[in-house]
Amino acid sequence: MPRGYTQVGIIGAGPAGLMLSHLLHLHGIHSIVLEARSRSYCEERVRAGVLEHTSVDLLQQAGVAHRLQREGLRHQGIEIGVDGMRHRIPFLECTGKCVTVYGQREVVKDLIARRLDDGGDLRFECGDVSLHHLEDEQPLIRIHKNDAIEEIRCDFLAGCDGFHGISRASIPAQAIALYERTYPFAWLGILAEAPPSREELLYMHHERGFALYSMRSPRITRLYLQCRPDEDIRDWSDDRIWSELHARLACADGWHPTPGPILQKSITGMRSFVVEPLQYGRLFLAGDAAHIVPPTGAKGMNLALADVHYLGLALHAFYRRGDEAALRSYSQTCLQRIWKAQRFSWWMTSLLHRFPEDSPFDRKRQRAELAYLAASRAAATSLAENYVGLPLDPI
Ligand code: APR
Ligand code: PHB
(Lines give C-alpha, C1' and ligand atoms only; values in the text may rest on other atoms or scores of the structure.)
(Ligands and ions follow the chains in the order given, each with its own letter.)
Protein backbone atom coordinates (compact mmCIF):
# COMPACT_ATOMS: atom_id res chain seq x y z
CA MET A 1 0.00 0.00 0.00
CA PRO A 2 1.36 3.49 -0.80
CA ARG A 3 2.05 5.55 2.33
CA GLY A 4 -0.87 7.70 3.38
CA TYR A 5 -3.47 5.47 1.68
CA THR A 6 -5.63 2.51 2.68
CA GLN A 7 -8.69 0.91 1.15
CA VAL A 8 -10.74 1.12 4.36
CA GLY A 9 -9.94 3.51 7.19
CA ILE A 10 -11.46 2.18 10.42
CA ILE A 11 -12.00 4.43 13.45
CA GLY A 12 -12.10 2.53 16.76
CA ALA A 13 -10.61 -0.77 17.98
CA GLY A 14 -13.59 -2.27 19.80
CA PRO A 15 -15.20 -5.52 18.64
CA ALA A 16 -16.71 -3.76 15.57
CA GLY A 17 -13.52 -2.14 14.24
CA LEU A 18 -11.25 -5.09 14.97
CA MET A 19 -13.57 -7.73 13.54
CA LEU A 20 -14.15 -5.62 10.41
CA SER A 21 -10.41 -5.22 9.90
CA HIS A 22 -9.95 -8.98 10.30
CA LEU A 23 -12.81 -9.87 7.90
CA LEU A 24 -11.43 -7.46 5.30
CA HIS A 25 -7.99 -9.01 5.66
CA LEU A 26 -9.51 -12.46 4.96
CA HIS A 27 -10.87 -10.97 1.71
CA GLY A 28 -7.51 -9.41 0.82
CA ILE A 29 -8.70 -5.85 1.53
CA HIS A 30 -6.29 -3.48 3.29
CA SER A 31 -7.39 -1.43 6.29
CA ILE A 32 -5.89 0.78 8.99
CA VAL A 33 -7.46 0.86 12.45
CA LEU A 34 -7.09 4.11 14.43
CA GLU A 35 -7.84 3.89 18.15
CA ALA A 36 -7.82 6.75 20.66
CA ARG A 37 -6.88 4.61 23.67
CA SER A 38 -3.92 2.37 24.47
CA ARG A 39 -3.86 -1.33 23.66
CA SER A 40 -3.96 -2.29 27.35
CA TYR A 41 -6.93 0.02 27.99
CA CYS A 42 -8.88 -1.66 25.16
CA GLU A 43 -7.94 -5.12 26.39
CA GLU A 44 -8.79 -4.51 30.05
CA ARG A 45 -12.00 -2.46 29.74
CA VAL A 46 -14.80 -4.38 31.50
CA ARG A 47 -17.81 -4.83 29.24
CA ALA A 48 -20.63 -7.30 28.60
CA GLY A 49 -20.04 -10.99 28.09
CA VAL A 50 -22.74 -12.98 26.32
CA LEU A 51 -22.23 -14.17 22.73
CA GLU A 52 -25.25 -15.20 20.72
CA HIS A 53 -25.12 -18.51 18.92
CA THR A 54 -25.00 -16.38 15.73
CA SER A 55 -21.93 -14.45 16.93
CA VAL A 56 -20.08 -17.62 17.91
CA ASP A 57 -20.70 -18.89 14.35
CA LEU A 58 -19.31 -15.65 12.87
CA LEU A 59 -16.18 -15.78 15.04
CA GLN A 60 -15.69 -19.46 14.20
CA GLN A 61 -16.10 -18.92 10.46
CA ALA A 62 -13.56 -16.11 10.69
CA GLY A 63 -11.07 -18.43 12.43
CA VAL A 64 -10.83 -16.37 15.64
CA ALA A 65 -12.69 -18.64 18.05
CA HIS A 66 -9.93 -21.02 19.25
CA ARG A 67 -9.72 -19.65 22.81
CA LEU A 68 -13.45 -18.94 22.86
CA GLN A 69 -14.08 -22.63 22.13
CA ARG A 70 -11.71 -23.67 24.93
CA GLU A 71 -12.63 -21.16 27.61
CA GLY A 72 -16.13 -19.91 26.73
CA LEU A 73 -18.93 -21.18 29.01
CA ARG A 74 -21.76 -22.69 26.95
CA HIS A 75 -25.14 -21.92 28.52
CA GLN A 76 -28.24 -23.82 27.50
CA GLY A 77 -30.67 -21.45 29.19
CA ILE A 78 -31.18 -18.61 31.66
CA GLU A 79 -33.28 -18.25 34.75
CA ILE A 80 -35.82 -15.53 35.37
CA GLY A 81 -36.66 -14.91 39.02
CA VAL A 82 -39.45 -13.02 40.74
CA ASP A 83 -38.95 -12.19 44.41
CA GLY A 84 -36.84 -15.26 45.12
CA MET A 85 -38.67 -17.80 42.94
CA ARG A 86 -36.87 -18.92 39.77
CA HIS A 87 -38.12 -20.14 36.42
CA ARG A 88 -35.82 -21.56 33.75
CA ILE A 89 -35.98 -20.63 30.05
CA PRO A 90 -34.48 -23.68 28.28
CA PHE A 91 -32.82 -22.24 25.16
CA LEU A 92 -31.62 -25.56 23.82
CA GLU A 93 -35.03 -27.20 24.11
CA CYS A 94 -36.89 -24.17 22.73
CA THR A 95 -34.55 -23.33 19.84
CA GLY A 96 -31.86 -26.04 19.54
CA LYS A 97 -29.29 -23.31 20.25
CA CYS A 98 -27.15 -22.00 23.13
CA VAL A 99 -25.25 -18.84 24.06
CA THR A 100 -21.63 -18.60 25.18
CA VAL A 101 -20.45 -16.53 28.12
CA TYR A 102 -17.10 -15.00 27.13
CA GLY A 103 -16.12 -11.45 28.08
CA GLN A 104 -16.04 -8.78 25.40
CA ARG A 105 -12.51 -7.96 26.47
CA GLU A 106 -11.46 -11.54 25.66
CA VAL A 107 -12.95 -11.13 22.17
CA VAL A 108 -10.99 -7.86 21.84
CA LYS A 109 -7.74 -9.51 23.04
CA ASP A 110 -8.17 -12.38 20.56
CA LEU A 111 -8.85 -10.03 17.65
CA ILE A 112 -5.94 -7.69 18.44
CA ALA A 113 -3.55 -10.65 18.73
CA ARG A 114 -4.76 -12.08 15.42
CA ARG A 115 -4.57 -8.75 13.55
CA LEU A 116 -1.01 -8.19 14.78
CA ASP A 117 -0.01 -11.78 13.86
CA ASP A 118 -1.37 -11.15 10.38
CA GLY A 119 0.68 -7.95 10.09
CA GLY A 120 -2.39 -5.69 10.48
CA ASP A 121 -1.97 -1.93 10.82
CA LEU A 122 -3.48 -1.09 14.23
CA ARG A 123 -2.57 2.31 15.65
CA PHE A 124 -3.33 2.90 19.32
CA GLU A 125 -3.29 6.24 21.19
CA CYS A 126 -4.17 8.09 18.02
CA GLY A 127 -5.69 10.93 20.00
CA ASP A 128 -7.25 13.46 17.76
CA VAL A 129 -8.72 12.13 14.52
CA SER A 130 -10.99 14.01 12.11
CA LEU A 131 -12.84 12.88 8.96
CA HIS A 132 -13.08 14.95 5.74
CA HIS A 133 -14.60 14.86 2.22
CA LEU A 134 -17.04 12.11 3.17
CA GLU A 135 -18.97 12.55 -0.08
CA ASP A 136 -15.91 12.34 -2.34
CA GLU A 137 -14.47 9.24 -4.03
CA GLN A 138 -11.58 9.35 -1.58
CA PRO A 139 -12.41 10.65 1.87
CA LEU A 140 -9.58 11.69 4.17
CA ILE A 141 -8.62 10.95 7.77
CA ARG A 142 -6.51 13.61 9.49
CA ILE A 143 -4.59 12.58 12.62
CA HIS A 144 -3.26 15.31 14.92
CA LYS A 145 -0.54 13.93 17.19
CA ASN A 146 2.31 15.70 19.00
CA ASP A 147 1.93 18.90 16.92
CA ALA A 148 2.20 16.88 13.69
CA ILE A 149 -0.60 16.19 11.22
CA GLU A 150 -0.81 12.96 9.23
CA GLU A 151 -3.33 12.37 6.46
CA ILE A 152 -4.65 9.04 5.20
CA ARG A 153 -6.67 8.82 1.99
CA CYS A 154 -9.19 5.98 1.93
CA ASP A 155 -11.71 4.46 -0.47
CA PHE A 156 -14.12 4.00 2.43
CA LEU A 157 -14.39 4.93 6.10
CA ALA A 158 -15.86 2.72 8.81
CA GLY A 159 -17.04 4.57 11.91
CA CYS A 160 -16.62 1.94 14.66
CA ASP A 161 -15.79 4.41 17.42
CA GLY A 162 -18.67 3.83 19.80
CA PHE A 163 -21.41 6.15 21.03
CA HIS A 164 -19.08 9.05 21.92
CA GLY A 165 -16.84 8.79 18.84
CA ILE A 166 -16.29 11.38 16.12
CA SER A 167 -17.63 9.41 13.14
CA ARG A 168 -21.35 9.94 13.67
CA ALA A 169 -20.63 13.53 14.73
CA SER A 170 -18.91 14.12 11.35
CA ILE A 171 -22.19 13.61 9.47
CA PRO A 172 -24.26 16.78 8.84
CA ALA A 173 -27.15 16.76 11.35
CA GLN A 174 -29.78 17.17 8.61
CA ALA A 175 -28.59 13.98 6.85
CA ILE A 176 -29.52 11.62 9.71
CA ALA A 177 -32.41 10.90 12.05
CA LEU A 178 -31.81 9.94 15.69
CA TYR A 179 -34.20 7.74 17.67
CA GLU A 180 -33.61 7.68 21.39
CA ARG A 181 -35.07 6.58 24.69
CA THR A 182 -33.50 6.93 28.12
CA TYR A 183 -34.43 4.94 31.23
CA PRO A 184 -34.93 6.23 34.78
CA PHE A 185 -32.29 3.88 36.20
CA ALA A 186 -28.72 2.62 35.71
CA TRP A 187 -26.79 -0.58 36.45
CA LEU A 188 -24.16 -0.86 39.14
CA GLY A 189 -21.89 -3.68 37.94
CA ILE A 190 -19.18 -5.57 39.83
CA LEU A 191 -16.59 -8.20 38.98
CA ALA A 192 -15.98 -10.41 42.01
CA GLU A 193 -13.37 -13.01 42.77
CA ALA A 194 -15.82 -15.75 43.66
CA PRO A 195 -16.48 -19.01 41.81
CA PRO A 196 -19.95 -19.01 40.21
CA SER A 197 -22.39 -20.98 42.34
CA ARG A 198 -25.05 -21.24 39.64
CA GLU A 199 -24.74 -22.89 36.23
CA GLU A 200 -26.66 -20.19 34.35
CA LEU A 201 -27.45 -16.47 34.46
CA LEU A 202 -30.21 -15.37 36.82
CA TYR A 203 -32.26 -12.26 35.95
CA MET A 204 -34.20 -11.29 39.09
CA HIS A 205 -37.17 -8.96 39.26
CA HIS A 206 -37.46 -7.72 42.85
CA GLU A 207 -39.42 -5.12 44.80
CA ARG A 208 -36.09 -3.43 45.64
CA GLY A 209 -35.11 -3.33 41.95
CA PHE A 210 -33.66 -5.63 39.31
CA ALA A 211 -30.51 -7.71 39.91
CA LEU A 212 -28.50 -9.96 37.57
CA TYR A 213 -26.22 -12.85 38.47
CA SER A 214 -23.70 -13.52 35.71
CA MET A 215 -20.16 -14.86 35.45
CA ARG A 216 -16.97 -14.70 33.45
CA SER A 217 -14.97 -17.81 34.27
CA PRO A 218 -14.81 -20.64 36.83
CA ARG A 219 -13.23 -18.09 39.25
CA ILE A 220 -15.04 -14.84 38.52
CA THR A 221 -18.66 -13.74 38.94
CA ARG A 222 -20.22 -10.65 37.39
CA LEU A 223 -23.21 -9.12 39.15
CA TYR A 224 -25.43 -6.11 38.55
CA LEU A 225 -27.91 -4.06 40.57
CA GLN A 226 -30.48 -1.61 39.26
CA CYS A 227 -29.74 1.79 40.84
CA ARG A 228 -30.60 5.47 40.31
CA PRO A 229 -28.83 7.01 37.28
CA ASP A 230 -27.43 9.87 39.41
CA GLU A 231 -25.95 7.59 42.07
CA ASP A 232 -22.30 8.02 43.09
CA ILE A 233 -20.26 4.80 43.14
CA ARG A 234 -18.41 6.14 46.22
CA ASP A 235 -21.64 5.72 48.19
CA TRP A 236 -21.53 1.99 47.49
CA SER A 237 -19.11 0.26 49.85
CA ASP A 238 -18.36 -3.40 49.13
CA ASP A 239 -20.48 -4.39 52.16
CA ARG A 240 -23.43 -2.36 50.94
CA ILE A 241 -23.19 -3.93 47.46
CA TRP A 242 -23.10 -7.49 48.83
CA SER A 243 -25.92 -6.87 51.23
CA GLU A 244 -28.11 -5.43 48.44
CA LEU A 245 -27.21 -8.30 46.10
CA HIS A 246 -28.12 -10.74 48.84
CA ALA A 247 -31.46 -9.02 49.50
CA ARG A 248 -32.46 -9.09 45.83
CA LEU A 249 -30.99 -12.38 44.63
CA ALA A 250 -31.49 -14.74 47.60
CA CYS A 251 -33.94 -17.47 46.64
CA ALA A 252 -36.68 -19.28 48.50
CA ASP A 253 -34.70 -22.56 48.24
CA GLY A 254 -31.86 -21.03 50.28
CA TRP A 255 -29.49 -20.14 47.39
CA HIS A 256 -27.76 -16.77 47.53
CA PRO A 257 -24.76 -15.32 45.71
CA THR A 258 -21.37 -16.24 47.20
CA PRO A 259 -19.54 -13.03 48.13
CA GLY A 260 -15.86 -12.44 47.38
CA PRO A 261 -13.38 -9.59 46.95
CA ILE A 262 -14.73 -6.98 44.50
CA LEU A 263 -12.20 -6.47 41.69
CA GLN A 264 -13.99 -3.69 39.83
CA LYS A 265 -17.18 -1.66 40.22
CA SER A 266 -18.87 0.98 38.07
CA ILE A 267 -22.25 2.53 37.28
CA THR A 268 -23.51 2.64 33.68
CA GLY A 269 -26.53 4.55 32.43
CA MET A 270 -29.04 2.87 30.12
CA ARG A 271 -30.38 4.08 26.81
CA SER A 272 -31.85 2.86 23.56
CA PHE A 273 -30.52 4.74 20.53
CA VAL A 274 -30.50 4.29 16.74
CA VAL A 275 -29.20 6.52 13.96
CA GLU A 276 -30.69 6.23 10.46
CA PRO A 277 -29.25 5.71 7.94
CA LEU A 278 -25.94 4.06 8.86
CA GLN A 279 -24.25 5.58 5.81
CA TYR A 280 -23.27 9.05 4.67
CA GLY A 281 -21.31 9.22 1.42
CA ARG A 282 -18.36 6.89 1.84
CA LEU A 283 -18.67 6.68 5.65
CA PHE A 284 -20.37 3.60 7.10
CA LEU A 285 -21.26 3.39 10.80
CA ALA A 286 -21.18 0.09 12.73
CA GLY A 287 -21.64 -1.02 16.35
CA ASP A 288 -22.21 1.44 19.19
CA ALA A 289 -21.47 4.38 16.85
CA ALA A 290 -24.81 3.57 15.19
CA HIS A 291 -26.91 2.13 18.01
CA ILE A 292 -27.04 1.53 21.75
CA VAL A 293 -29.22 -1.00 23.54
CA PRO A 294 -29.87 -1.30 27.27
CA PRO A 295 -27.79 -4.29 28.46
CA THR A 296 -30.72 -6.42 29.67
CA GLY A 297 -30.94 -8.41 26.43
CA ALA A 298 -27.12 -8.80 26.15
CA LYS A 299 -27.23 -7.59 22.54
CA GLY A 300 -24.55 -4.82 22.31
CA MET A 301 -21.51 -6.79 21.18
CA ASN A 302 -23.66 -9.14 19.09
CA LEU A 303 -25.18 -6.32 17.06
CA ALA A 304 -21.71 -4.87 16.48
CA LEU A 305 -20.49 -8.23 15.09
CA ALA A 306 -23.56 -8.58 12.84
CA ASP A 307 -23.07 -5.05 11.41
CA VAL A 308 -19.47 -5.69 10.43
CA HIS A 309 -20.35 -9.09 9.00
CA TYR A 310 -22.64 -7.28 6.53
CA LEU A 311 -20.16 -4.46 5.93
CA GLY A 312 -17.35 -6.94 5.27
CA LEU A 313 -19.48 -8.81 2.70
CA ALA A 314 -20.53 -5.55 1.03
CA LEU A 315 -16.94 -4.26 0.72
CA HIS A 316 -15.84 -7.66 -0.59
CA ALA A 317 -18.54 -7.53 -3.30
CA PHE A 318 -17.35 -4.02 -4.24
CA TYR A 319 -13.65 -4.89 -4.53
CA ARG A 320 -14.18 -8.28 -6.15
CA ARG A 321 -16.88 -7.47 -8.70
CA GLY A 322 -17.31 -3.70 -8.59
CA ASP A 323 -20.79 -4.44 -7.23
CA GLU A 324 -22.10 -1.58 -5.07
CA ALA A 325 -25.57 -3.02 -4.41
CA ALA A 326 -24.72 -4.49 -0.98
CA LEU A 327 -23.01 -1.25 0.09
CA ARG A 328 -26.12 0.69 -0.92
CA SER A 329 -28.37 -1.66 1.07
CA TYR A 330 -25.96 -2.01 4.05
CA SER A 331 -27.91 0.44 6.20
CA GLN A 332 -31.30 -1.11 5.47
CA THR A 333 -30.00 -4.67 5.99
CA CYS A 334 -28.51 -3.79 9.40
CA LEU A 335 -31.48 -1.71 10.53
CA GLN A 336 -33.86 -4.67 10.17
CA ARG A 337 -31.82 -6.60 12.74
CA ILE A 338 -31.05 -3.55 14.89
CA TRP A 339 -34.72 -2.68 15.40
CA LYS A 340 -35.57 -6.27 16.34
CA ALA A 341 -32.76 -6.20 18.92
CA GLN A 342 -33.97 -2.79 20.11
CA ARG A 343 -37.45 -4.15 20.62
CA PHE A 344 -36.16 -7.19 22.50
CA SER A 345 -33.79 -5.18 24.72
CA TRP A 346 -36.51 -2.65 25.55
CA TRP A 347 -38.93 -5.52 26.32
CA MET A 348 -36.49 -7.39 28.62
CA THR A 349 -35.72 -4.09 30.36
CA SER A 350 -39.41 -3.23 30.87
CA LEU A 351 -40.21 -6.76 32.00
CA LEU A 352 -37.57 -6.94 34.72
CA HIS A 353 -36.94 -3.47 36.19
CA ARG A 354 -38.81 -1.39 38.74
CA PHE A 355 -39.87 1.85 37.03
CA PRO A 356 -40.23 4.65 39.60
CA GLU A 357 -43.22 6.14 37.76
CA ASP A 358 -45.16 2.86 37.52
CA SER A 359 -48.79 2.97 38.67
CA PRO A 360 -50.39 0.08 40.59
CA PHE A 361 -51.91 -0.96 37.24
CA ASP A 362 -48.45 -1.08 35.61
CA ARG A 363 -47.13 -3.23 38.46
CA LYS A 364 -49.97 -5.73 38.15
CA ARG A 365 -49.48 -5.87 34.36
CA GLN A 366 -45.74 -6.48 34.81
CA ARG A 367 -46.39 -9.30 37.30
CA ALA A 368 -48.89 -10.85 34.88
CA GLU A 369 -46.30 -10.76 32.09
CA LEU A 370 -43.72 -12.50 34.29
CA ALA A 371 -46.29 -15.14 35.25
CA TYR A 372 -47.20 -15.65 31.59
CA LEU A 373 -43.52 -16.13 30.70
CA ALA A 374 -43.21 -18.79 33.43
CA ALA A 375 -46.35 -20.63 32.29
CA SER A 376 -46.24 -20.46 28.51
CA ARG A 377 -43.88 -22.42 26.28
CA ALA A 378 -44.67 -20.01 23.44
CA ALA A 379 -43.62 -17.01 25.55
CA ALA A 380 -40.42 -18.79 26.67
CA THR A 381 -39.61 -19.70 23.05
CA SER A 382 -40.05 -16.10 21.95
CA LEU A 383 -37.57 -14.94 24.60
CA ALA A 384 -35.19 -17.81 23.77
CA GLU A 385 -35.05 -17.25 20.01
CA ASN A 386 -34.29 -13.57 20.46
CA TYR A 387 -31.71 -14.18 23.19
CA VAL A 388 -29.73 -16.84 21.27
CA GLY A 389 -29.78 -14.54 18.22
CA LEU A 390 -32.11 -14.31 15.24
CA PRO A 391 -30.67 -15.80 12.05
CA LEU A 392 -28.60 -13.47 9.88
CA ASP A 393 -30.43 -12.44 6.72
CA PRO A 394 -28.66 -13.51 3.54
CA ILE A 395 -27.65 -10.54 1.37
N1 APR B 1 -10.85 8.14 17.66
C2 APR B 1 -10.43 6.85 17.70
N3 APR B 1 -11.01 5.90 18.46
C4 APR B 1 -12.08 6.26 19.19
C5 APR B 1 -12.58 7.58 19.19
C6 APR B 1 -11.91 8.54 18.39
N7 APR B 1 -12.32 9.82 18.33
N8 APR B 1 -13.64 7.64 20.01
C9 APR B 1 -13.81 6.41 20.51
N10 APR B 1 -12.87 5.58 20.03
C11 APR B 1 -12.68 4.14 20.33
C12 APR B 1 -12.95 3.76 21.77
O13 APR B 1 -11.83 4.02 22.61
C14 APR B 1 -13.25 2.29 21.63
O15 APR B 1 -12.08 1.49 21.78
O16 APR B 1 -13.62 3.39 19.59
C17 APR B 1 -13.78 2.12 20.22
C18 APR B 1 -15.24 1.74 20.19
O19 APR B 1 -15.37 0.46 20.75
P20 APR B 1 -16.67 -0.01 21.59
O21 APR B 1 -17.13 1.10 22.46
O22 APR B 1 -16.32 -1.30 22.20
O23 APR B 1 -17.80 -0.17 20.46
P24 APR B 1 -18.08 -1.30 19.39
O25 APR B 1 -16.81 -1.83 18.79
O26 APR B 1 -19.14 -0.76 18.53
O27 APR B 1 -18.65 -2.51 20.24
C28 APR B 1 -19.93 -2.48 20.80
O29 APR B 1 -19.18 -2.30 23.05
O30 APR B 1 -20.02 -0.68 24.51
C31 APR B 1 -20.02 -2.00 24.16
O32 APR B 1 -22.13 -2.77 24.85
C33 APR B 1 -21.36 -2.37 23.77
O34 APR B 1 -20.94 -4.60 23.62
C35 APR B 1 -21.11 -3.45 22.83
C36 APR B 1 -19.86 -3.14 22.14
C1 PHB C 1 -22.60 -9.77 31.69
O2 PHB C 1 -22.21 -10.88 32.05
O3 PHB C 1 -21.86 -8.78 31.73
C4 PHB C 1 -24.00 -9.60 31.21
C5 PHB C 1 -24.80 -10.71 31.05
C6 PHB C 1 -26.11 -10.55 30.62
C7 PHB C 1 -26.60 -9.29 30.35
C8 PHB C 1 -25.79 -8.18 30.49
C9 PHB C 1 -24.48 -8.33 30.93
O10 PHB C 1 -27.89 -9.16 29.94
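Which polar side-chain atom lies 2.8 Å from an oxygen atom of ligand 1? Select Arg-47 in this predicted model, and a polar atom of its side chain will be found at that distance, 2.8 Å, from the ligand oxygen.

**Ligand 1**

Keep ligand 1 on screen and show the 23 residues that surround it, of which Glu-35, Arg-45, Arg-47, Gln-104 and Asp-288 are the closest. The backbone takes part as well: an N or O atom in the main chain of Pro-15 lies 3.2 Å from an oxygen atom of ligand 1, while a backbone N or O atom of Ala-36 lies 3.1 Å from a nitrogen atom of ligand 1. Taken alone, ligand 1 would expose 700 Å², and the protein buries 87% of that area. If you now colour by secondary structure, the elements that give two or more residues to this shell are α1 (15-26) and α8 (300-321), with α8 giving the most, three residues. Coloured by class instead, the shell around ligand 1 divides into ten nonpolar, seven polar and six charged residues.

**The largest nonpolar core**

Select next Met-19, Leu-51 and Ile-141, which, of the 75 residues in the largest nonpolar core, touch the most other members. The helix α8 supplies the largest share of this core, ten residues. Centre the view on Ile-141 and, setting aside its neighbours within four places in sequence, look for its contacts, among them Gly-9, Ile-11, Leu-34, Val-129, Leu-131, Ile-152 and Leu-157. A second, separate core of 52 residues includes Tyr-203, Leu-373, Ala-384 and Val-388.

**Ile-80**

Move on to Ile-80, which is in strand β5 (residues 77-82). Is Ile-80 buried or exposed? Its relative accessible area is 4%, so Ile-80 counts as buried, the limit being under 20%. Beyond the residues up to four places away in sequence, Ile-80 touches Met-85, Arg-86, His-87, Ile-89, Leu-202, Tyr-203, Leu-352, Leu-370, Leu-373 and Leu-383. Draw a C-alpha to C-alpha distance from Ile-80 to Leu-373, and it reads 9.0 Å, although the two are 293 residues apart in sequence.

**Ligand 2**

From Tyr-203, turn to ligand 2, for this tyrosine is one of the five residues that come nearest among the 14 around that ligand, the others being Ser-214, Arg-216, Tyr-224 and Pro-295. Showing the side chains brings up two polar contacts to oxygen atoms of ligand 2, one from an N or O atom of Ser-214 at 2.6 Å and one from a polar atom of Arg-216 at 2.7 Å. The main chain of Thr-296 adds a backbone N or O atom 3.2 Å from an oxygen atom of ligand 2. Of the 280 Å² that ligand 2 exposes when taken alone, the protein buries 99%. Strands β14 (211-215) and β15 (220-227) are the elements that give two or more residues to this shell, whose make-up by class is nine nonpolar, three polar and two charged residues.

**Backbone geometry**

Most residues other than glycine have a negative phi, and most peptide bonds are trans. Against that background, select the bond from Glu-276 to Pro-277, which is cis with omega near -10°; Pro-277 lies in the loop between β16 (262-276) and β17 (279-280). Glu-125, in the loop between β8 (121-123) and β9 (128-132), has a positive phi of about 50°, and at 48% relative accessibility Glu-125 counts as partly exposed. End at His-133, in the loop between β9 and β10 (140-145), where phi is again positive at about 55° and where a relative accessible area of 45% makes the residue partly exposed.

Conventions: Residues numbered from 1 in each chain as written. Chains lettered and ligands numbered in written order. Predicted model: local features only at pLDDT ≥ 70, side-chain atom pairs only at ≥ 80, totals over all residues. Heavy atoms only, no water. Near = heavy atom within 4 Å. Polar contact = N/O pair within 3.5 Å; in protein donor to acceptor, adjacent residues only side chain to side chain. Areas by Shrake-Rupley, 256 points an atom, 1.4 Å probe, with all protein chains shown as cover. Helix = DSSP H or I, 4+ residues; strand = E, 2+ residues; numbered from the N terminus. Nonpolar A, V, L, I, M, F, W, Y, C, P; charged D, E, K, R; others polar. Buried < 20%, exposed > 50% of the residue type's maximum accessible area, 1.4 Å probe, protein only. Contact = heavy atoms within 4.5 Å. Core = buried A, V, L, I, M, F, W, Y, C linked by side-chain atoms within 4.5 Å.
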